[in-house]
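Hi there,

Here is the structure I promised to send over. Have a look at it first, and then read on for what I found in it.

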Amino acid sequence: MTRHDPGLTPLAELRANVAQPFERATAMPKSVYTSPDFAALEQQHIFAREWLCAGRADALPNPGDYLTMEISGEPIIILRDREGTLRGLSNVCRHRMSTLLEGRGNTRAIVCPYHAWTYNLDGTLRGAPAMTLNEGFCKDQIALPKVRVENWLGWIMVTLNPDAPAPSEALSDVENLVGYLGMEHYVEAFREEFHWNTNWKVLAENFMESYHLPVCHEGTIGGTVDLLKMTCPEGFPSFNYHYIVKNDSLPLTLAHPSNTTLTGDERRITWLVSVYPALLITLTPGYFWYLCLTPDGPGKVNVLFGGGLAPDWAADPQAPAHFAALKALLDDVNIEDKGCVERVYRGLCADMSSPGALSHLERPNFEFATYIASKMP
């Protein structure tokens with residue numbers, strides 16, 4: 001494991017790092033990636049307090065559809081209730097505290113696998129076997145605790161924080177920026193999960209800069225970009241972004257030929273939007289893909305990966321072929337990214353490594369570091 005500055009905590013190192021103006025910025029100190037204590041602070045002050053993404057709302061189209069996730073040690077159920085409303089509930093039974101559901105699926109009721117206590121889709125207790133002799137038991141007073149869930153532009157957003165501003169308020173500038181593309185109408189074609197050997201921030205930063213595309217992705221999308229046509233404006237408190245004007249080498253990146261709404265560069269701009277802390281969206285006129293990150297200690301990250309097509313591409317008679325081509329491309333891109341971010345983490349753990357100066361194309365990384373520092377006590 002890499003050695004840290006014995007005179008500074010990881011947080012003190014990070015604050016010293018972001019106190020510099022961007023023009024003199026360097027990459028974040030190694031300790032904020034490798035320190036277990038800093039990883040615990042992130043869970044407490046970021047992941048337990050911010051809005052996190054559980055994927056696309058169209059992943060749960062029918063009543064009883066559910067998925068599960070964990071937020072800072074809290075098992076959570078996200079489901080579509082009988083009225084079609086998205087709900088968030090604790091995934092822990094109110095009896096002997098077994099977890100209830102696993103993975104994804106559809107259910108008419110939530111049944112505990114330990115003693116068969118059964119809950120309705122609104123979290124209220126429907127039944128509990130062999131409890132009639134307990135004088136203190138009152139079924140009507142028992143329910144699974146609720147968790148805040150909102151559908152924001154087609155994304156399932158979840159938070160443990162009862163006081164967090166609504167995503168529509170905190171992220172209104174995202175809609176101002178890319179609302180013309182109608183992100184809420186894009187059609188998800190795939191959703192899967194994987195586990196990589198790197199710190200979650202390394203993967204987030206890899207997404208936030210396209211400086212690496214011509215080299216890391218030489219075999220896939222590297223040829224669709226020009227470093228001189230990447231723009232990295234100043235971001236916002238809740239997200240950063242950059243955009244690229246793509247060439248014609250990958251038609252799916254562009255607006256569908258039948259699209260008459262988008263004009264000029266709107267037809268070929270790719271947006272890369274990083275919603276803090278851990279929702280990373282690539283949005284083009286033709287397709288989208290995303291990553292939702294969950295840390296697993298300092299050196300591992302759980303990744304939710306999904307994507308699909310813009311409505312006009314999805315309605316094209318060749319849509320199945322378009323979906324297949326997109327998925328094959330993104331699988332190859334992920335293989336390239338996995339190699340890059342795992343190599344970075346191995347380098348972070350080396351004694352002789354040290355953070356270097358940032359390019360002007362890495363402004364989002366500096367803003368991300370500033371965000372992390374701002375959330376710590």
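Helix 6, which covers residues 200–208, packs against helix 10, residues 363–374, at an angle of about 140°. Their axes are 9 Å apart, and the crossing of helix 6 with helix 10 is right-handed. On the helix 6 side the contact is made by W200, K201, A204, E205 and M208; the residues they meet in helix 10 are P364, N365, F368 and I372. By type, the residues of this contact divide into 6 nonpolar, 1 polar and 2 charged. Please keep in mind while browsing that this is a predicted model.

Next, the annotation. UniProt lists residues 51–158 as "domain: Rieske", and the entry is unreviewed. In the model, that span is 42% strand and 0% helix. The C-alpha atoms at the two ends of residues 51–158 lie 5 Å apart.

Now for the chain as a whole. Its secondary structure comes to 10 helices and 17 strands. The C-alpha trace spans about 75 × 60 × 35 Å along its principal axes. How does the radius of gyration of the chain sit with that of a compact globule? The chain has 22 Å, and this agrees with a compact globule because one with 377 residues would have a value near 21 Å.

Two more figures on the chain: 54% of the 377 residues count as buried. Of the contacts with a separation of 6 or more, 65% come from residues 24 or more positions apart.

Happy browsing, and do write back with any questions!

Best wishes

Notes:
Residues are numbered from 1 along each chain as its sequence is written. This is a predicted model: local features need pLDDT of at least 70, side-chain atom pairs count only at pLDDT 80 or more; totals for chains, interfaces and linings use all residues. Side-chain values use heavy atoms; hydrogens and water are left out. Axes are lines fitted to C-alpha atoms, for helices over the stretch in contact, and angles run from 0 to 180 degrees between N-to-C directions. Helices (H or I, at least four residues) and strands (E, at least two) are DSSP runs, numbered from the N terminus. A crossing is left-handed if the near helix is turned anticlockwise from the far one by less than a right angle, and right-handed if clockwise. Contact means heavy atoms within 4.5 Å. Ala, Val, Leu, Ile, Met, Phe, Trp, Tyr, Cys and Pro count as nonpolar, Asp, Glu, Lys and Arg as charged, and the others, Gly among them, as polar. UniProt positions are given in the numbering used here, feature names are shortened, and annotations may be inferred rather than shown by experiment. The radius of gyration is taken over C-alpha atoms; the globule rule is 2.2 Å times the number of residues to the power 0.38. Buried means under 20% relative accessible area, exposed over 50%, partly exposed in between (1.4 Å probe, protein chains only).
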